[in-house]
Amino acid sequence: MPRRRIGFWYRFAAVICKPPLVVLLKRDWRGMEHIPAEGGFITAVNHNSHIDPFAYAHFQYNTGRVPRFLAKSGLFKKGFVGAAMRGTGQIPVYRESTDALSAFRAAIDAVDRGECVAFYPEGTLTRDPDGWPMTGKTGAARVALQTKCPVIPVAQWGCNELLPPYAKKPHLLPRKTHRVLAGPPVDLARFYDRDMTAELLKEATEVIMAAVTEQLELIRGEKAPETPYDPRRERIEQRRRTQAQAHRNSGQTVQEEGLGK
């Protein structure tokens with residue numbers, strides 16, 4: 001399957017976005033040889049800054065294989081941004097609607113056409129206190145197992161030093177370095193031609209996220225925690241802590257009232 005041409009809108013977006021990225025960030029990009037020259041594929045990328053989609057797109061644009069991101073449907077509706085999102089072939093995600101699965105169908109179609117679909121499997125900025133990848137959602141695994149396309153694990157670091165997660169102001173000086181490392185394709189062959197159960201998708205997702213985390217370990221020169229941060233588990237634990245604290249406070253109030261009688 002031949003590669004899709006970059007096209008006017010992607011080139012136009014590059015003209016606008018590349019100059020500020022070059023000014024703000026130095027580059028240490030490795031692993032471009034793992035980006036397939038032809039055919040459809042997926043990249044699975046960690047997410048630790050609001051600006052890393054632009055910096056990562058710059059990296060992959062320079063490989064000649066532009067990524068199609070999954071993005072909130074509201075960005076596609078009006079004005080210049082909407083025209084750019086549609087023109088560059090990004091894929092709208094309709095959350096909490098009957099069209100929610102259309103993004104996965106569109107991603108599968110894009111891979112079948114020989115394009116690259118870039119997934120942020122975490123689904124949002126990492127909430128891990130040290131910036132490591134969290135547990136992933138199963139969308140990338142679902143598309144990968146249905147298409148049997150290569151899945152390239154990609155780690156990036158540095159945009160989070162320029163604009164930390166959930167921060168409002170960038171740290172411009174000293175100039176930061178955007179480090180990217182793309183690894184060899186993830187081996188998912190053992191998951192092919194099996195019933196696509198929730199457990200199978202979860203296991204395949206864990207393999208993908210482990211590969212992304214391994215690339216980030218190489219970039220950072222340190223080991224990630226053995227157990228990835230799980231936002232769902234953290235919410236459950238937070239509720240338990242809140243309920244336990246409320247119970248202790250209630251008991252303390254009863255005790256104080258008893259002493260006051």
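This report describes the sheet, three helices and the aromatic contacts of a predicted model.

## The sheet

The model contains an open sheet of seven strands, arranged in the order S1-S7-S6-S2-S5-S3-S4 with mixed pairing. Strand S1 (25-30) and strand S4 (91-93) stand at the edges; each has a single partner strand, so one side of each is left without a neighbour in the sheet. On average, and with direction ignored, neighbouring strands of this sheet are turned by 25 degrees against each other.

At one edge, S1 and S7 run parallel and are joined by six bridges. Within this pairing, Leu 25 has Lys 176 of S7 as its bridge partner. At the other edge, S3 and S4 also run parallel, with three bridges between them. Here Leu 70 is matched with Ile 91 in S4.

## Strands S6 and S7

Seven of the seven residues of S6 are buried, so this strand is largely enclosed by the rest of the structure. In a regular strand the side chains alternate between the two faces of the sheet. In S6, Val 151, Pro 153, Ala 155 and Trp 157 point one way, whereas Ile 152, Val 154 and Gln 156 point the other way; all are buried.

S6 has pairings with S2 and with S7. Four bridges connect S2 to S6, and these two strands run parallel. In that pairing, Ile 42 stands opposite Val 151 of S6. The pairing of S6 with strand S7 (residues 176-182) is antiparallel and extends over four bridges. Two residues of S6 illustrate the register: Val 154 has Ala 182 of S7 as its bridge partner, and Ala 155 stands opposite Leu 181 of S7. Strand S7 has six of its seven residues buried, so S7 is likewise largely enclosed by the rest of the structure.

## Helices H5 and H2

Helix H5 (residues 139-147) has seven of its nine residues buried, so the helix is largely enclosed by the rest of the structure. The buried residues are Gly 139, Ala 140, Ala 141, Val 143, Ala 144, Leu 145 and Thr 147. Their cover includes three strands of the sheet, S2 (41-45), S5 (116-119) and S6 (151-157), together with helices H4 (102-112) and H7 (198-220). After H5 comes Lys 148, which has a positive phi, near 55 degrees.

Helix H2 (residues 52-61) is also mostly covered, with eight of its ten residues buried. These are Asp 52, Ala 55, Tyr 56, Ala 57, His 58, Phe 59, Gln 60 and Tyr 61.

## Helix H3

In helix H3 (residues 79-87), the buried residues are Gly 82, Ala 84 and Met 85. Viewed down the axis of H3, the buried residues fall within an arc of 165 degrees, so they line one face of the helix. Helix H1 (8-24) and strand S3 (67-72) are among the elements that cover them. Just after H3, Gly 89 adopts a positive phi of about 80 degrees.

## Aromatic pairs and charges over rings

The model contains eight aromatic pairs. In one of them, the ring centres of Phe 8 and Phe 12 lie 5.7 Å apart and the ring planes are at 10 degrees, so the pair is stacked. Planes under 30 degrees apart count as stacked. Phe 8 and Phe 12 are four residues apart in helix H1, and are therefore separated by about one helical turn. An α-helix has 3.6 residues a turn, so residues three or four places apart point the same way. Phe 8 is exposed, with a relative accessible area of 56%, whereas Phe 12 counts as partly exposed at 32% relative accessibility.

One aromatic cluster is formed by Trp 29, Tyr 56, Phe 59, Phe 69 and Tyr 120. Two members of this cluster, Tyr 56 and Phe 59, are among the buried residues of H2. Trp 29 also carries a charge over its ring: the charged end of Arg 27 sits there, 5.3 Å from the ring centre. A second arrangement of this kind involves Trp 132, whose ring has the charged end of Arg 220 over it, 3.9 Å from the centre.

How values were computed: Residues are numbered from 1 along each chain as its sequence is written. This is a predicted model: local features need pLDDT of at least 70, side-chain atom pairs count only at pLDDT 80 or more; totals for chains, interfaces and linings use all residues. Side-chain values use heavy atoms; hydrogens and water are left out. Buried means under 20% relative accessible area, exposed over 50%, partly exposed in between (1.4 Å probe, protein chains only). The arc is that of the directions from the helix axis to the C-beta atoms. Contact means heavy atoms within 4.5 Å. Rings of Phe, Tyr and Trp (its six-membered ring) pair if their centres lie within 6.5 Å; planes under 30 degrees apart count as stacked, over 60 as edge-to-face and the rest as tilted. A charge sits over a ring if NZ of Lys or CZ of Arg is within 6 Å of the ring centre and within 35 degrees of the ring normal. Two strands pair if DSSP finds at least two bridges between them. Axes are lines fitted to C-alpha atoms, for helices over the stretch in contact, and angles run from 0 to 180 degrees between N-to-C directions.
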